[in-house]
Each structure stands twice: as structure tokens, then as C-alpha cells.
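Here is a short tour of a protein model, written for someone who knows their way around the bench. Have the viewer open and follow along.

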Amino acid sequence: MAVEGGMKCVKFLVFIFNFIFWLCGLALTVVGILVQVSFHKTLIIRDVSASAAPIVIIVIGLVIFFIAFFGCCGAWKENYCMVTTFAVCLSLIIIVEIAAVIVGYVFRNKLATVVEDSLGDMISGYKNGTAEFKKSLDKLQTDMKCCGMNSSSDWRSFGNDGNSVPDSCCLTPVANCGVGAMTDAAKVYQKGCHDALVDFLKKNIQWVIIAAIVIAFLQLLGIVFSCMLMRGIRSGYEVM
């Protein structure tokens with residue numbers, strides 16, 4: 001027996017919310033991928049916790065993407081079992097999202113240490129690194145308009161003269177522009193990359209946390225409507 005009256009409205013609300021969840025799942029996946037890519041394009045990060053939050057968000061996004069379709073079918077067909085399964089799965093996803101937000105917040109406070117370790121490794125391994133390795137650090141310094149970890153002096157072991165830096169440190173990068181120019185503020189950026197990079201990564205993590213909280217709130221509303229629909233469907237069965 002089909003639901004009637006107010007329950008019919010709830011049925012369509014659940015259907016609409018599932019469509020919103022489908023979009024949210026897509027959004028979470030995109031945000032997670034963008035943050036993950038930004039981490040590994042800017043740094044060679046050895047701390048696995050750096051990738052934990054974005055990877056969890058990507059997985060959650062994909063799961064929501066498929067569960068939302070399942071919920072739409074359950075609402076449209078007024079199938080008690082499908083709607084119940086959808087509500088339970090959504091509850092579990094919210095718990096995982098809360099865990100991901102906590103991991104992201106904790107890692108946000110560890111960023112300064114992780115960036116320091118990663119930049120230190122990249123600078124010390126630059127001379128003997130692969131072309132791709134050098135390119136990643138050069139791009140970081142060019143994009144962030146910075147040089148070294150704390151200052152251009154971090155490159156003192158780069159050249160035999162102790163006064164040269166990579167060309168990517170130059171205000172106008174051209175071949176050999178960094179030779180003998182370590183402390184020349186007219187040619188080379190004197191500010192290190194550490195603080196700029198920490199701020200950049202914190203903003204990325206902040207967007208992940210905001211996205212997860214907003215979507216978890218919408219999911220909570222979805223669970224409430226699903227429970228109301230379950231009650232309506234069960235009442236219909238009892239009448240029959």
C-alpha cells in the first residue's frame with residue numbers, strides 16, 4: 001500500500017535529499033582528490049597521516065555516490081528494507097566522516113613539523129635527485145615565490161662557492177641567475193617556503209573539514225526523513 005498524505009511529502013523529500021547526497025558524494029570526491037593532489041604536488045610527504053583525511057573523504061564520497069542511488073530507489077519504490085539499509089549506511093558514513101574531520105584537525109596542528117621535515121629532505125636531496133624531483137621543488141619555489149625552507153641561506157651547500165641557489169629562487173628565473181646571488185634581495189627571494197606552504201596546506205585541509213561538516217549535517221536530515229518514511233511504510237503494511 002502506497003504512503004499517503006504527509007508521508008507522500010516525506011517520500012519526495014527523501015528522494016530529493018538523495019539527489020542532493022548524490023551531488024554531495026561527487027563534491028566530496030572532487031575536494032578529496034584536489035587536496036590529495038595539492039599535497040603531493042607541493043611536497044614529498046613522508047608522514048602517512050597527511051594523506052589519511054583526504055583519502056577517507058574520497059572513499060566516503062564514492063560510497064555516498066552509490067548509496068544515494070540505492071536510497072532513491074528505496075524511496076521511490078517505498079521499499080522498507082531498502083530505506084532501512086540506506087539509513088543505517090548513512091549513519092555509519094557520518095561516523096566515518098566525524099573521524100576524518102578529527103584526523104584532519106589533528107594533522108592541521110602537525111603541519112609545521114611535517115612541512116619542515118619534508119622540505120628539509122627535499123633540499124638536502126636536491127643535488128643528487130632525479131629531474132622530476134628537482135622539477136617539483138623548483139615549481140614549489142617559483143609558485144610560492146620563496147627560497148629554501150626558512151630563507152635562501154638554506155641553500156648554502158648547493159654550490160661550491162656557498163653563495164649560490166637554484167635558478168627557481170630568482171625573482172626572474174633564467175639560466176644561472178642564482179649563481180653567487182644567495183643574499184642578493186634584488187635577484188633572489190630571501191623568504192623561506194615553510195610558512196607560506198603551511199598556510200597553503202591549512203587552507204586545503206580547512207575546506208575538507210568544512211565540506212565534511214556541511215554534508216554530515218545534510219545526511220543527518222536525510223536519516224531523520226528516512227526514519228519518518230520507514231515508519232509510514234510500516235504503518236501502511238500494518239493497515240494491509
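Let's begin with the largest pocket, whose lining is made up of Gly120, Ile123, Ser124, Gly125, Tyr126, Lys127, Asn128, Met149, Asp154, Trp155, Ser157 and Phe158. Keep in mind that this is a predicted model. The space in the largest pocket comes to about 160 Å³. What is the make-up of its lining, in nonpolar, polar and charged residues? The lining holds 5 nonpolar, 5 polar and 2 charged residues. Lys127 and Asp154 are the charged ones, because Asp, Glu, Lys and Arg count as charged.

Next, the salt bridge. The structure holds 1 of these, and its partners are Asp143 and Lys139, with 2.6 Å between the closest N and O atoms. Where do the two residues lie? Both belong to helix H4, which covers residues 131-144, and they sit 4 residues apart, about one turn of the helix. Are they buried, partly exposed or exposed? Asp143 counts as partly exposed because its relative accessibility is 49%, and partly exposed runs up to 50%. Lys139, at 48% relative accessibility, also counts as partly exposed.

Now for the surface. A nonpolar patch is formed there by Phe19, Trp22, Leu23, Leu26, Val30 and Leu34, and together these residues have about 550 Å² of accessible area. One of them, Leu34, lies in helix H1, which spans residues 6-42. Leu34 has a relative accessible area of 56%, so it counts as exposed.

Finally, a look at the backbone. Most residues other than glycine have a negative phi. Two residues of this model that are not glycine have a positive value instead, and they are set out below.

| Residue | Phi | Location |
|---|---|---|
| Lys145 | near 55° | loop between H4 and helix H5 (194-239) |
| Asn176 | near 65° | loop between H4 and H5 |

Lys145 is found in the loop that runs between H4 and helix H5, and Asn176 is in the loop between H4 and H5 as well. Is Asn176 buried or exposed? Asn176 has 57% relative accessibility and therefore counts as exposed, the cut-off being over 50%.

To recap for your notes: the largest pocket has about 160 Å³ of space, Asp143 and Lys139 form a salt bridge within helix H4, and the nonpolar surface patch includes Leu34.

Technical notes: Residues numbered from 1 in each chain as written. Predicted model: local features only at pLDDT ≥ 70, side-chain atom pairs only at ≥ 80, totals over all residues. Heavy atoms only, no water. Salt bridge = Lys/Arg side-chain N within 4 Å of Asp/Glu carboxyl O. Buried < 20%, exposed > 50% of the residue type's maximum accessible area, 1.4 Å probe, protein only. Patch = residues over 30% accessible without salt bridge, like charges linked within 9 Å, V, L, I, M, F, W, Y side chains within 5 Å. Areas by Shrake-Rupley, 256 points an atom, 1.4 Å probe, with all protein chains shown as cover. 1 Å grid on protein atoms, 1.4 Å probe; cavity = no way out; pocket = protein on both sides within 12 Å on 5 of 7 lines; lining within 4 Å. Points joined across faces, edges and corners; volume = space filled by probe spheres on them.
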